[in-house]
Amino acid sequence: MNPLRMIIMGAPGSGKGTLTSKLLKKLPQIHSLSSGDILRREMANGSEIGKMAKSYIERGDLLPDKFMANLIQAELEQQKWLDAKTSFLLDGFPRTGNQAIELESVLVPHNSDINMVIELDVPPEVILNRIANRWVHISGRVYNLEYNPPKVPFKDDITGEPLFKRPDDNPETFKVRLDKYFAELEPLREYYEKKGVYVKVSGETSDIIFPKLLSAVEAKVKSGL
Ligand code: G5P
Ligand code: MG
């Protein structure tokens, strides 16, 4: 497979995590990294990064661009994905025009710039209900009491460990997160449209979106990028 270096972006609750794990089942050679999962792991560990992240996440605010760029760069380096061969998918980063510029400056020297950006276009009015029913595992595995319930209620399917509610999954914080997403969307879209790598997939459910996402990704891989 030609190396795919993609970003998946979309409003909070639009299905980035859900669709990433579906995609990785089909294309397991792609590595994935979610900025929100990294921050939640740091919070669970009680690290300095986690303590700093907590106050932003609980308010629904974005962490500073430079801080996030450094965090993701460190993760990419540690995972040894910064080369021209590795396929990876970033969920939730970059989220602002400045983060996109920072990311490019990290990737270009390694011949590993982003070659595909997917925007999940899901109507905000269908999302709120999903958040109320979301339960997550610290690994990043995500469940929904109606849409994809765990096999045992409130337990992770793989480890059997307890699931938890995210501190930002309440209607007030959700509204802040949604507004912030739409405030940053246009500059990001423009940035990646100019590079000719931007694809929007629309639909009200992940089941509708997934086949569109998969065929866009498969076409990209076959195109030789
Ligand atoms: P995150 O963690 O990146 P968000 O807000 O971008 O958080 P979120 O909430 O993780 O995105 P998602 O991944 O897009 O949403 O959605 P999901 O978890 O897959 O699906 C949501 C729910 O719907 C789940 O319960 C799922 O089972 C269900 N579901 C999926 N599809 C369907 C469907 O078709 N039907 C139904 N009924 N249900 C469905 O970022 C969190 C915070 O971290 C900080 C910020 O503070 C941010 O707010 N942060 C950053 N700050 C600055 N810069 C960055 N780059 C940052 N990244 C993170
Ligand atoms: Mg997510």
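In the next few minutes I will talk about the surroundings of ligand 1 and then about the nonpolar core of this protein. Please keep in mind throughout that what you see is a predicted model.

Let me begin with the ligand. There are 33 residues around ligand 1, and among these Thr18, Asp61, Arg95, Arg134 and Ser206 come nearest. If we sort the residues of this shell by character, we find eleven that are nonpolar, 13 that are polar and nine that are charged.

Some of the side chains place polar atoms beside the oxygen atoms of the ligand, and I would like to go through three of these pairs. In arginine 134, a polar side-chain atom is 2.6 Å from an oxygen atom of ligand 1, while for arginine 40 the distance between a side-chain N or O atom and a ligand oxygen is 2.9 Å. In asparagine 144, a polar atom of the side chain lies 3.3 Å from an oxygen atom of ligand 1. As for the ligand's surface, ligand 1 would expose 1,100 Å² if taken alone, and the protein buries 95% of that area.

Which elements give two or more residues to the shell around ligand 1? They are α1, covering 16-26, α2, covering 35-45, and β6, covering 142-144, and the largest share, four residues, comes from α2.

Now let us turn to the core. The largest nonpolar core has 57 residues, of which Met6, Leu76, Leu103, Tyr192 and Val217 touch the most other members. To take one of them, methionine 6 touches Leu23, Phe88, Leu89, Leu90, Met116, Ile118, Leu213 and Val217, when residues up to four places away in sequence are not counted.

Terms used: Residues numbered from 1 in each chain as written. Chains lettered and ligands numbered in written order. Predicted model: local features only at pLDDT ≥ 70, side-chain atom pairs only at ≥ 80, totals over all residues. Heavy atoms only, no water. Core = buried A, V, L, I, M, F, W, Y, C linked by side-chain atoms within 4.5 Å. Buried < 20%, exposed > 50% of the residue type's maximum accessible area, 1.4 Å probe, protein only. Contact = heavy atoms within 4.5 Å. Near = heavy atom within 4 Å. Polar contact = N/O pair within 3.5 Å; in protein donor to acceptor, adjacent residues only side chain to side chain. Areas by Shrake-Rupley, 256 points an atom, 1.4 Å probe, with all protein chains shown as cover. Nonpolar A, V, L, I, M, F, W, Y, C, P; charged D, E, K, R; others polar.
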